[in-house]
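Here's a quick briefing for anyone meeting this protein chain for the first time. Have a look at the model, then read on for the main points.

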Amino acid sequence: MHEYTSTARVWGLTCPGFPEEVSRARRWTRDILRDSPLAEDAELIVSELSANAILHTASGKESGSFHLALAVSSQVIALSVTDDGGTGSAPAIGHQDQEAEHGRGLGMVSVIAHRVVVHDSDGGHTVTAELFTGACRGGHPC
């Protein structure tokens, strides 16, 4: 992106709610961010959020889907996954014991991302993770 450009570039992708679509979401993210030092973190975040949508919402049911949005500016990479809903509550960071097989994903995303926001979205939920381009994990300058 040119240093005087202040607008973000935005991409979107809608995937059917099949487990194999998680790898497609990762590949799509990797292709867009191939020159970014944050590409691996972004790929991991998209993988986790996409898998959560399929496993825990109507996105993983017959004819379900999930939508990815990726916005890139000179300051931030924002990754959003919107699910089809079907759950009684919004996604939340769980505090699981060491034996739990599920429930750690959003917590992991919150450690990698500089900010995570969950909001309602047309019958479902959207989870947005932001990676600040001038900061390392934990918000510290690189």
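A salt bridge here is a side-chain nitrogen of Lys or Arg within 4 Å of a carboxyl oxygen of Asp or Glu. Glu130 and Arg115 meet that rule, with their side chains 2.8 Å apart, N to O.

A word on the ground rules: this is a predicted model, where local features need pLDDT of at least 70, side-chain atom pairs count only at pLDDT 80 or more, and totals for chains, interfaces and linings use all residues. Residues are numbered from 1 along each chain as its sequence is written, and side-chain values use heavy atoms, with hydrogens and water left out.

**The overall layout**

- The chain has 3 helices and 5 strands, where helices (H or I, at least four residues) and strands (E, at least two) are DSSP runs numbered from the N terminus.
- Going along the sequence, you meet them in the pattern β-α-α-β-β-α-β-β.
- Of the chain's 142 residues, 39% count as buried; buried means under 20% relative accessible area, exposed means over 50%, and partly exposed is in between (1.4 Å probe, protein chains only).
- Take the contacts (heavy atoms within 4.5 Å) with a separation of 6 or more: residues 24 or more positions apart account for 60% of them.

**Helix H2 and the core**

- Helix H2 covers residues 39-56, and its 18 residues should span 26 Å at 1.5 Å a residue, which agrees with the 26 Å between its end C-alpha atoms. The expected span is 1.5 Å times one less than the number of residues.
- Plenty of names turn up on H2's buried list, among them Ala42, Ile45, Val46, Leu49, Ala53 and Ile54. Charged residues are there too, including Asp41, Glu43 and Glu48.
- The largest nonpolar core has 28 residues, and Ile45, Phe66, Leu68, Ile77, Leu79 and Leu131 have the most contacts inside it. Such a core is a set of buried Ala, Val, Leu, Ile, Met, Phe, Trp, Tyr and Cys residues joined through side-chain atoms within 4.5 Å.
- At least two residues of this core come from each of strand S1 (9-16), helix H1 (21-32), H2, strand S2 (65-72), S3, H3 and strand S5 (124-132).
- H2 gives the most to this core, with 7 residues.
- In soluble globular proteins, nonpolar side chains tend to be buried together.
- Leu68 is in contact with Trp11, Leu13, Trp28, Val46 and Val81, among others, leaving aside its neighbours within four places in sequence.

**The salt bridges**

- How many salt bridges does the rule give? The count comes to 3.
- Glu130 and Arg115, the pair introduced above, link distant parts of the chain: Glu130 sits in strand S5 and Arg115 in strand S4 (residues 115-121), 15 residues apart. Glu130 is buried at 14% relative accessible area, while Arg115 is partly exposed at 44%.
- Glu43 and Arg30 pair up at 2.6 Å, N to O. They also link distant parts of the chain, with Glu43 in helix H2 and Arg30 in helix H1, 13 residues apart. Glu43 is buried at 15% and Arg30 is partly exposed at 35%.
- Arg24 and Glu21 meet at 2.8 Å, N to O. Both belong to helix H1, and because they are 3 residues apart, about one helical turn separates them. Arg24 is partly exposed at 31%, whereas Glu21 is buried at 12%.

**Asp83 and Asp120**

- Asp83 lies in the loop between strand S3 (76-82) and helix H3 (105-112).
- Asp83 is buried yet has no salt bridge: Lys61, the nearest side chain of opposite charge, is 12 Å away. For this purpose Lys and Arg count as positive and Asp and Glu as negative, while His and the chain ends are not counted.
- What does the side chain of Asp83 reach at 2.8 Å? The backbone nitrogen of Gly85.
- Asp83 also touches Ala53, Thr57, Ser59, Gly124 and His125, not counting residues up to four places away in sequence.
- Asp120 is found in strand S4 and is exposed, with a relative accessible area of 62%.
- The C-alpha atoms of Asp120 and Gly85 are separated by 9.0 Å, although these residues are 35 apart along the chain.

**A loop residue to look up**

- Ser63 lies in the loop between H2 and S2, and has a positive phi of about 60 degrees although it is not a glycine.
- Ser63 is exposed, with a relative accessible area of 74%.

Note on methods. Polar contact = N/O pair within 3.5 Å; in protein donor to acceptor, adjacent residues only side chain to side chain.
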